[in-house]
Amino acid sequence: MMDYDFSNMPLGLAMALAMNERAKTGFEGLSETEKEHVILKCKDAKTKEEMDRIISSISPAENISDLFQGPSIG
């Protein structure tokens with residue numbers, strides 16, 4: 001696990017990475033340049049929805065097993 005300097009990071013991004021393992025994994029897989037780009041995008045985000053889209057964009061694709069977890073369809 002890579003430690004990142006959270007003091008440079010917008011609070012919403014730091015909280016999302018702390019609470020969302022998938023987003024944290026995606027963020028850790030980015031290059032330093034890509035991380036800085038994500039941080040700048042988050043600093044510019046005007047709404048929670050915009051921040052959520054940024055966080056979703058760094059999360060790796062779902063595993064097929066994830067489809068079978070959670071509430072059942074019928």
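Glu-28 is partly exposed in this predicted model, with a relative accessible area of 22%. The cut-off for a buried residue is under 20%, so at 22% Glu-28 counts as partly exposed. This residue belongs to helix α2. Although Glu-28 and Ile-58 are 30 residues apart along the chain, their C-alpha atoms are separated by 9.4 Å.

Helix α2 also contains Arg-22. With a relative accessible area of 32%, Arg-22 is partly exposed. A second pairing across the sequence involves this residue: Arg-22 and Pro-60 are 38 residues apart in sequence, while the distance from C-alpha to C-alpha is 6.5 Å.

**The chain as a whole**

The secondary structure consists of 4 helices and 0 strands, and the pattern read along the sequence is α-α-α-α. The chain has 74 residues, of which 28% are buried. Among contacts with a separation of 6 or more, 60% are accounted for by residues 24 or more positions apart.

**How α1 and α2 pack**

Two packed helices are described by the angle between their axes and by the distance between those axes. Helix α1 covers residues 11–19 and helix α2 covers residues 21–28. They pack at an angle of about 110°, and their axes are 5 Å apart. Angles of 65 to 115 degrees count as roughly perpendicular, and α1 and α2 are therefore roughly perpendicular to each other.

Which residues meet where α1 and α2 are in contact? From α1 come Leu-13, Leu-17 and Met-19, and from α2 come Glu-21, Ala-23, Lys-24 and Phe-27. By type, the residues of this contact divide into 5 nonpolar, no polar and 2 charged.

**The nonpolar core**

In soluble globular proteins, nonpolar side chains tend to be buried together. In this model, the largest nonpolar core has 16 residues. Those with the most contacts inside the core are Met-9, Leu-13, Leu-17, Phe-27 and Val-38. The elements that give two or more residues to this core are α1, α2, α3 (32–44) and α4 (48–58).

Leu-13 appears both in the contact of α1 with α2 and in the list of core residues with the most contacts. Leaving aside residues up to four places away in sequence, Leu-13 touches Phe-27, Val-38, Ile-39, Cys-42, Met-51 and Ile-55.

**Salt bridges**

How many salt bridges does the structure hold? There are 2 salt bridges, and they are listed below.

| Salt bridge | N to O distance | Helix and spacing |
|---|---|---|
| Glu-32 and Lys-35 | 3.5 Å | α3, 3 residues apart |
| Asp-52 and Lys-48 | 2.9 Å | α4, 4 residues apart |

Glu-32 and Lys-35 both lie in helix α3, and their spacing is about one turn of the helix. Asp-52 and Lys-48 are in helix α4, where being 4 residues apart means a separation of about one helical turn.

Are the partners in these bridges buried or exposed? In the α3 pair, Glu-32 is partly exposed, with a relative accessible area of 45%. Lys-35, by contrast, has a relative accessibility of 1% and so counts as buried. In the α4 pair, Asp-52 counts as partly exposed at 36% relative accessibility. Its partner Lys-48 has a relative accessibility of 58% and therefore counts as exposed.

Definitions and conventions
Residues are numbered from 1 along each chain as its sequence is written. This is a predicted model: local features need pLDDT of at least 70, side-chain atom pairs count only at pLDDT 80 or more; totals for chains, interfaces and linings use all residues. Side-chain values use heavy atoms; hydrogens and water are left out. Axes are lines fitted to C-alpha atoms, for helices over the stretch in contact, and angles run from 0 to 180 degrees between N-to-C directions. Angles under 35 degrees count as roughly parallel, over 145 as roughly antiparallel, 65 to 115 as roughly perpendicular and the rest as oblique. Contact means heavy atoms within 4.5 Å. Ala, Val, Leu, Ile, Met, Phe, Trp, Tyr, Cys and Pro count as nonpolar, Asp, Glu, Lys and Arg as charged, and the others, Gly among them, as polar. A nonpolar core is a set of buried Ala, Val, Leu, Ile, Met, Phe, Trp, Tyr and Cys residues joined through side-chain atoms within 4.5 Å. Buried means under 20% relative accessible area, exposed over 50%, partly exposed in between (1.4 Å probe, protein chains only). A salt bridge is a side-chain nitrogen of Lys or Arg within 4 Å of a carboxyl oxygen of Asp or Glu.
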